[in-house]
Amino acid sequence: MIVSLFRRKGQNANRIIVDRVFRHVVDAARQPVLYADWGIPDTPLGRYESLGLHMIVLLHRTRDSSEPLQALAQDVLDEFFKDVDHSIRELGVGDVGVPKRMKKLARMFYGRMGPYWEAMDAGDAGALAAALGRNIMPGDAATADFRADAIARYMLAAVKALAARDDATLLTGDVAFPDAGAVA
């Protein structure tokens, strides 16, 4: 009873669904094959890149969808940036430095979205791999064990998997990314 006195009024009625979708995105971004086999750096920035590319795939699916699904996607995107903010603070960045870092990370995210979407629209794994290489491993992609080609194929498989789900299914929070190890 007392807890209900402190609940915020107007709290997002879709909180459970937003959390469920975001959990699917996070779980997909944490697949070990992305780091161990395909060379995404297991660093805070590498984990941000993995989470970001999964968010970009989700937003690609929802961009031309029904209004309720677009609203859900916006709520999930807001949750993504709240999570990034929290992570920055956990890394020890002070209150003064957080807005500057958030602006930089938001620019990085939205700067990647256009080239990734363009390649996904065309089904062009080569162009997607080139964009991933420029963004995730700039200058090091050719010499590192970074497998941009495998990540690109995985992202295109994820685009197909999400396209196969109708809006009503996605609105229940049932977002399915493929098993990365099974794709490449």
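The largest pocket of this predicted model is lined by 23 residues, and among these Pro44, Arg47, Tyr48, Val84 and Ser87 lie nearest its centre. Two or more residues of this lining are given by each of the helices α2 (15-29), α4, α5 (67-90) and α6 (98-122). Of the elements that take part, α5 gives the most, its share of the lining amounting to 6 residues. The space that lies in the largest pocket comes to about 650 Å³. When the residues of the lining are divided by character, 14 are nonpolar and 7 are charged, while 2 are polar.

The chain in which this pocket is found has a secondary structure of 10 helices and 0 strands. Read from the N terminus on, the order of its elements is accordingly written α-α-α-α-α-α-α-α-α-α. The protein chain has 184 residues, and 42% of them count as buried. The area that the protein chain exposes is about 10,000 Å², of which carbon and sulfur atoms supply 55%. With regard to contacts within the protein chain, when those with a separation of 6 or more are considered, 66% are accounted for by residues 24 or more positions apart.

Two residues may be described individually, each in a helix that also contributes to the lining of the largest pocket. Arg61 is found in helix α4, which spans residues 44-62. The relative accessibility of Arg61 is 15%, and Arg61 therefore counts as buried, because the term applies to residues under 20% relative accessible area. When residues up to four places away in sequence are not counted, Arg61 touches Leu69, as well as Leu162, Ala163, Arg165, Asp166, Asp167 and Leu170. Among these partners of Arg61, Leu69 falls within the residue range of helix α5 (67-90).

The second residue, Pro115, is found in helix α6, for which the range is residues 98-122. Pro115 has a relative accessibility of 32% and so counts as partly exposed, since residues are described in this way when they lie between the limit for buried, under 20%, and that for exposed, over 50%. In sequence, Pro115 is separated from Ala130 by 15 residues, whereas in space the two are 9.7 Å apart, C-alpha to C-alpha. Arg61 in helix α4 is thus assigned to the buried class because its relative accessibility is 15%, and Pro115 in helix α6 to the partly exposed class because its relative accessibility is 32%.

Conventions: Residues numbered from 1 in each chain as written. Predicted model: local features only at pLDDT ≥ 70, side-chain atom pairs only at ≥ 80, totals over all residues. Heavy atoms only, no water. Helix = DSSP H or I, 4+ residues; strand = E, 2+ residues; numbered from the N terminus. Buried < 20%, exposed > 50% of the residue type's maximum accessible area, 1.4 Å probe, protein only. Contact = heavy atoms within 4.5 Å. 1 Å grid on protein atoms, 1.4 Å probe; cavity = no way out; pocket = protein on both sides within 12 Å on 5 of 7 lines; lining within 4 Å. Points joined across faces, edges and corners; volume = space filled by probe spheres on them. Nonpolar A, V, L, I, M, F, W, Y, C, P; charged D, E, K, R; others polar. Areas by Shrake-Rupley, 256 points an atom, 1.4 Å probe, with all protein chains shown as cover.
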